[in-house]
Amino acid sequence: MNPFRHPSQQVRRAYIVQGLAFGDEGKGTMVDYLCRAHDAPLVVRYNGGPQGARNVVQPDGSHHAFRQFGSGMFISEVCTFLSKYVLVDPFALMKEAEALEGKGIRHAQERLFIDPECLIITPYHQYANRIRELVRGVNRHGSGGYGVGETRRDALLWGTYIQVKDILSDAPALGMLDDIRVHKLKQLREYWGVNREADGLLTELSSEDPRRIAEFYRLFAHGIQPTTWAEVTDTYRNANVVFEGTAGTLLDETHGFAPYITPSNTTFDNALELCDAAGLLPVRVGVLRTHFTRHGAGPFVSEDRALAFPDHNVRTKWQGEMRFGHFDFVAAGYAIQCCGGIDGLALTHMDCVESPFAYVDEYRDAHGLTSSLLKPDAKGLFETEPANLKLQPVEAQESLVRFIEQQLGCKVLYTSSGPTYLDKVNLRPEIVQPSSARAGAAEIPLTLPKQIAG
């Protein structure tokens, strides 16, 4: 019997946490808080892979940027489930497990359950991702270089992929890895000689021995717990569950501004499908900062290079500097529509608000036309600017909350005025009326997201 499994009970409510901007909204710290506030012993990852870091800080100052583990792991009773929609990097996952143990987060690997259907990101996919980004030069897409898109593209278009279930026995992995290596070299042969740094990575890719990778996967497989969603829901029958999203809705593979997107569905859809299968009652929590951010290339209409805020994110080789902008009601409204509505907001970084509160609620395009609607057109957005920067006096946090509620037509459920769970406030402690797991964009008015009772 696994001591980390929660006693079997009847499942109650699922709190789905999804960022509504370009990522870095504060999803991780809200997951940590919701696990504590609602006694949730399980965090379910429902999209993405290791590319999104979700920062969680504890009152004693301990900190971790969660990538593959759920952001509730500082709580000793909480486990993580990687659903079939998550891509797994075994090398990075084992390094993260070691890092968590070093920070006093005990038995991290034993508290992790992985769906056998999860795709595996191989080193060959990572090489290919980084080579393509280097060859793009000044036209980089802002990729994090983790190989997520490369893996999904191969799985969807070429049928060349490995799943967790394929490494549970020793036989298939080696041949599959060599197939992927040969496939990537064929795809990338036109890039030889284009970029010196890319040439170096191409050389490393061609010489990377699949036997070494296969042996690591064999050892990795012995230490994981392959678990289906049906098995998880049977185990946690009566527990509240927190679903954790990666990246923001404005980076969604369908609704985002291609090619500056993440290769994942970053709406609530995947989580709602899992809730539907398990009979869970979902509460959709959209997360926004009181200012906007973007880490990586791509259009950012409300960006103001004069702005600077304290932040865990630092400059990286692939994504560059953290970018800051004013609160953008146009982009936020668009994200809520893409999600088919939300049940409520979590507003983070309330401690960064100054009076007056600066915001954008209209865009002006290259032809001088103004609009409060956003079109998913990257080229057009590069030529778009705020129609004007408006200012709203802020007498207290409550007045800002009411103002944002009025502008977006949805309730604010939680606020955060600092990095730890002690800095969070539940503004709606009354019973939440969750939406139907089957409700989608066609069933919820896009202009007026479903609201909280009371």
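# A walk through a predicted chain

Of the contacts in the chain with a separation of 6 or more, 77% are made by residues 24 or more positions apart, a contact being heavy atoms within 4.5 Å. The model is predicted, and for that reason local features need pLDDT of at least 70 and side-chain atom pairs count only at pLDDT 80 or more, while totals for chains, interfaces and linings use all residues. Residues are numbered from 1 along each chain as its sequence is written, and side-chain values use heavy atoms, with hydrogens and water left out.

The secondary structure of the chain amounts to twelve helices and 19 strands, where helices (H or I, at least four residues) and strands (E, at least two) are DSSP runs numbered from the N terminus. Of the 454 residues in the chain, 56% are buried; buried means under 20% relative accessible area, exposed over 50%, and partly exposed in between, with a 1.4 Å probe and protein chains only.

Helix α1, residues 27-37, shows what burial looks like along one element: nine of its eleven residues are buried, so the helix is largely enclosed by the rest of the structure. Among these buried residues are Met 30, Val 31, Tyr 33 and Leu 34, and Lys 27 and Asp 32 also belong to them. After α1 comes Asp 39, whose phi is positive, near 50°.

A buried residue can also sit in a loop, and Asp 252 lies in the one between β7 (241-248) and α9 (269-278). Asp 252 counts as buried because its relative accessibility is 2%. Leaving aside residues up to four places away in sequence, Asp 252 touches Ile 261, Thr 262, Ser 264, Asn 265, Thr 266 and Thr 267. With one of these, Asn 265, the C-alpha to C-alpha distance is 5.5 Å, although the two residues are 13 apart in sequence.

Turning to the strands, we find an open sheet of three in the order β11-β13-β17, with mixed pairing; two strands pair if DSSP finds at least two bridges between them. At the edges stand β11 (327-328) and β17 (390-392), each with a single partner strand, so one side of each is left without a neighbour in the sheet. Strand β13 (residues 357-360) is joined to β17 by three bridges, and these two strands run antiparallel, with Phe 357 opposite Gln 392 in β17. Helix α12 (residues 397-408) packs on this sheet and touches β11, β13 and β17, its direction making about 10° with that of β13; such axes are lines fitted to C-alpha atoms, for helices over the stretch in contact, and angles run from 0 to 180 degrees between N-to-C directions.

Another open sheet has three strands in the order β15-β14-β16, with antiparallel pairing. Its edge strands, β15 (370-371) and β16 (385-386), each pair on one side only. Two bridges connect β14 (residues 363-364) with β16, and Arg 364 stands opposite Glu 385 in β16.

Finally, we come to the cysteines. A disulfide is a covalent bond between the sulfur atoms of two cysteines, taken here as a pair of cysteine sulfur atoms within 2.5 Å. The structure holds zero disulfides. Cys 339 is in no disulfide, and the nearest cysteine sulfur, that of Cys 338, is 6.8 Å away. Cys 339 counts as buried because its relative accessibility is 5%, and Cys 118 counts as buried at 0%.
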